[in-house]
Amino acid sequence: MQKTSMLIIGSGPAGYTAAVYGARAMLNPILAQGIQPGGQLTITTEVENWPGIQEIQGPDLMINLEDHAKKAGAKIVPDVINKLDLSKYPFVAHGDNDNKYEAESVVLATGAQANWLGLDSEQKYKGFGVSACATCDGFFFRGQVVTVIGGGNTAVEEALFLTNFATKVILIHRRESFRAEKILQERIFKNPKIEVKWNSIVKEIIGTDDPLGVEGIIIEDIKTKKVLSLPCKGVFVAIGHSPSNELVKDQLDTHQGGYILTQNNSTQTSIPGVFAAGDITDFKYRQAVTAAGMGCMAALEAERFISETKK
Ligand code: NDP
């Protein structure tokens, strides 16, 4: 059993920032990295809105944050926490290989994961032409036509990124305007390789069985009800994310479809000593920098909680 004043679960900007602050507050934090060390930023390309750095690759930013947390004195473990018992104090977490952690405070920073459309054909071709990560899989579509579904920053960035490989990128969005940042939208409209299909929903992904692979996508214009079949080899689904709350959804109060509920202007959850930071609680801003800010808040609040508990 490893004992710590602060167990941080998750290794995105929220987790690593909590680790830096926790280490500097002498809480000897342990940070369990989870299945995807570095989190969602490890599967993005350029990050252009991390203050102080005009442009950095997502994976590089996460390596910097991990280094910073280590140098501050946090213990970073490549462990996946698969059970967390918040019913008694100190809290107990179970990791892989029977690893156990006893913690006086817990910072939940497990982030969020990609949403899917929910079509059987999407499931069938996942990994065989259907993907939720252009930076991971875009390279396979060199010289091909691909489609991207969604209208947020992720969809727009993925469409732009895919123009590096594809001959044409068709961006399919269910409304008439994007919610992505204006500066990214401008790049879309200027790029001759990108075509936008507005007011369109995906009805089906079509393809072959042997070999398994995508050949096209069927969309419907929700205004005209016109159905179109678009030949393409890749389909990138970029329709938002859901909070990764499996460890705690039955133990903590949640809202807005599973996001961990925290007190106003605080990372304090419904159990004292348990704090939530970043995409697991933030359904509104969901930025790397806001996640980092919440990681800082969580560590400061954990420190205060522990010192008050010990009084
Ligand atoms: P968003 O929630 O911002 O956007 C999701 C998009 O998918 C919306 O356009 C939505 O449509 C559409 N959508 C949702 N469900 C469906 C569905 N079932 N069928 C079809 N379309 C659907 O998610 P993102 O992943 O794009 O971004 C998440 C957060 O991360 C945002 O805050 C974003 O700003 C941030 N981000 C920031 C980046 C950066 O700053 N560089 C890069 C990437 C993400 P509708 O608009 O109609 O709701």
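Two strands pair if DSSP finds at least two bridges between them. Keep that in mind for the first stop. You are looking at a predicted model.

**Stop 1: a strand pair.** Select residues 145-149, strand β13, and residues 168-172, strand β14. They pair in the parallel sense over 5 bridges. Now pick Val-148. Opposite Val-148 stands Leu-171, in β14.

**Stop 2: the whole sheet.** Widen the view to the open sheet of 5 strands. Read across it in the order β12-β19-β13-β14-β15. The pairing is parallel. Strands of a sheet pair through backbone hydrogen bonds, either parallel or antiparallel. Next, colour β12 (130-131) and β15 (194-197). These two stand at the edges, each with a single partner strand, so one side of each has no neighbour in the sheet.

**Stop 3: two domains.** Zoom out. Give one colour to domain 1, residues 2-114 + 241-309. Give another to domain 2, residues 120-237. Their C-alpha centres lie 32 Å apart.

**Stop 4: the interface.** Select the contacts: 7 residues of domain 1 touch 8 residues of domain 2. Together the domains bury about 530 Å² between them, with 51% of it on carbon and sulfur atoms. On the domain 1 side, select Ile-43, Thr-45 and Glu-48. These lose the most area to domain 2, together 58% of what that side buries.

**Stop 5: a salt bridge.** Stay on Glu-48 and add Arg-187. What links them? They form a salt bridge, with the closest N and O atoms 3.3 Å apart. Across this interface the rule finds 1 salt bridge. Finally, sort the domain 1 residues that touch domain 2: 2 are nonpolar, 4 polar and 1 charged.

Notes: Residues numbered from 1 in each chain as written. Predicted model: local features only at pLDDT ≥ 70, side-chain atom pairs only at ≥ 80, totals over all residues. Heavy atoms only, no water. Domains from an automatic or database assignment. Contact = heavy atoms within 4.5 Å. Buried area = accessible area lost by both parts, 1.4 Å probe. Salt bridge = Lys/Arg side-chain N within 4 Å of Asp/Glu carboxyl O. Nonpolar A, V, L, I, M, F, W, Y, C, P; charged D, E, K, R; others polar. Helix = DSSP H or I, 4+ residues; strand = E, 2+ residues; numbered from the N terminus.
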